[in-house]
Amino acid sequence: LFASVELAPRDPILGLNEQFKADTRSNKVNLGVGVYYDDEGRIPLLESVRKAETALLADAAARSYLPIEGIGSYNQGAQKLLLGADAPQIAEGRVLTVQALGGTGALKIGADFLRSLLPQARVAISNPSWENHRALFERAGFPVETYAYYDAETHGLDFEGMKDSLNALPEQSIVVLHACCHNPTGVDPTLAQWQEIASIVKARNLVPFLDIAYQGFGDGLAQDAAVVRLFANANISMLISSSFSKSFSLYGERVGALTLVTASADEATRVLSQVKRVIRTNYSNPPIHGGSVVSRVLNNPELFQLWEDELGGMRDRIREMRHQLVEKLRDRAPDHDFSFVLTQRGMFSYSGLNAEQVEQLRAEHGIYAVSSGRICVAALNSGNIDYVASAIATVLK
Ligand code: PMP
């Protein structure tokens, strides 16, 4: 039966992690990951999460099945975080949210739903994008192409190219947009640019699928959702996949949500019934624990404040690492300008290092990065940043 099955290629980033684990050098540094580490190099257990879990344990209950769409208070919390608690779209009953297995699960449920709704559509993702976007939408049955995004010359956004690409897409093409903290580049459109993008999406009748996996890591919870609110206020129907993996440091709990903003309450009811069918035939209903923890934090003002402060702490630490990296590289490699690292947002930076330099970092210094030059700024800390800056300066020579 399985004799003809070919070996699948290794996931490039998970493969890098395996290589890192096997490396015996004590000063090795893994900048290839997509995970936030604290200054001690540990994945933090947030105090808000610990408190919510303690409270949950105190009134532990039996675990029956959840409804297909998951925990209601979790979904409402996720929705408010995206659109704002007072969003008119929510009051009008036009927004529906289902609990999903991480941001990836939300993308998958959304992709499967869209595939039956728009079987002829194509999907456009940014060039470059999170590696799994292409694979996930292709597996859902869509042809996937890219729209212009990153400008390697300026280390910024190729906005003219992006607009041209979007304007050239056939009507009802699905456009996957990173709402904030673009992975892998760290380059985001400005609010004024998002406004222009919204106009194109509307004029060309495109279907936006906003992916927000790093809400709170850019400028703040509300600020990072600006594009979601801008699209909603422009009366654009859309899908949004959101993830709490990073913002709650709950990677393994698979906490995400799929939110759809529709044109009417009646539409929302019909859409929800179809999205539930997709879930029912995939995994029936989501797990309880992670969603309960997040729901408790989102719906308890004290825990929410604590969480927002902790998230702010993570954001500030990343920013501080960006500043220090730029400063240390200015000292060690004065011929190279890395100031663009300061304008990039979120966990990642497209460092501008080429594949050869990345390989040299790995082979000679035990520093692991993605071959595209993507580094995870959130993996830098006061103990490794001097070493990393010196090594980068060496490979630049
Ligand atoms: N979208 C983007 C852009 C991401 O970077 C990630 C996480 N690497 C995801 C979605 C998936 O998030 P999760 O781990 O919650 O499935």
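Helices H8 and H10 cross in a right-handed sense, and that crossing is a good place to begin. Bear in mind as you go that this is a predicted model.

**Stop 1: the helix pair.** Select residues 191-203 for helix H8 and look at how this helix packs against H10: the angle is about 35° and the axes are 10 Å apart. Now show the side chains. On H8, pick Leu-191, Trp-194, Gln-195 and Ala-198; the residues they meet in H10 are Ala-226, Val-227, Leu-230 and Phe-231. Coloured by class, this contact shows seven nonpolar residues, one polar and no charged ones.

**Stop 2: from helix to sheet.** Stay with helix H10, residues 226-233, and add strands E8 (207-212), E9 (238-243) and E10. The helix lies across these strands and runs at about 155° to E8.

**Stop 3: the whole sheet.** Next, bring up the seven strands of the open sheet, in the order E2-E10-E9-E8-E7-E3-E4, with mixed pairing. At the edges are E2 (95-101) and E4 (144-148), each pairing on one side only. On average, neighbouring strands are turned by 25° against each other, ignoring direction. Zoom in on E2 and E10 (residues 255-261), an antiparallel pair joined by seven bridges. Here you can find Val-95 opposite Val-261 of E10.

**Stop 4: the ligand.** Finally, select the ligand and the residues around it, among them Gly-34, Trp-130, His-178, Asn-183, Asp-211 and Ser-243. Which helix gives the most to this shell? Highlight residues 102-117: helix H5 does, with three residues. By class, the shell has nine polar residues, two nonpolar and one charged.

Methods:
Residues are numbered from 1 along each chain as its sequence is written. This is a predicted model: local features need pLDDT of at least 70, side-chain atom pairs count only at pLDDT 80 or more; totals for chains, interfaces and linings use all residues. A residue is near a molecule or strand if its C-beta atom, placed from the backbone, lies within 6 Å of it. Helices (H or I, at least four residues) and strands (E, at least two) are DSSP runs, numbered from the N terminus. Ala, Val, Leu, Ile, Met, Phe, Trp, Tyr, Cys and Pro count as nonpolar, Asp, Glu, Lys and Arg as charged, and the others, Gly among them, as polar. Two strands pair if DSSP finds at least two bridges between them. Axes are lines fitted to C-alpha atoms, for helices over the stretch in contact, and angles run from 0 to 180 degrees between N-to-C directions. Two residues are in contact if their C-beta atoms, placed from the backbone, lie within 7 Å. A crossing is left-handed if the near helix is turned anticlockwise from the far one by less than a right angle, and right-handed if clockwise.
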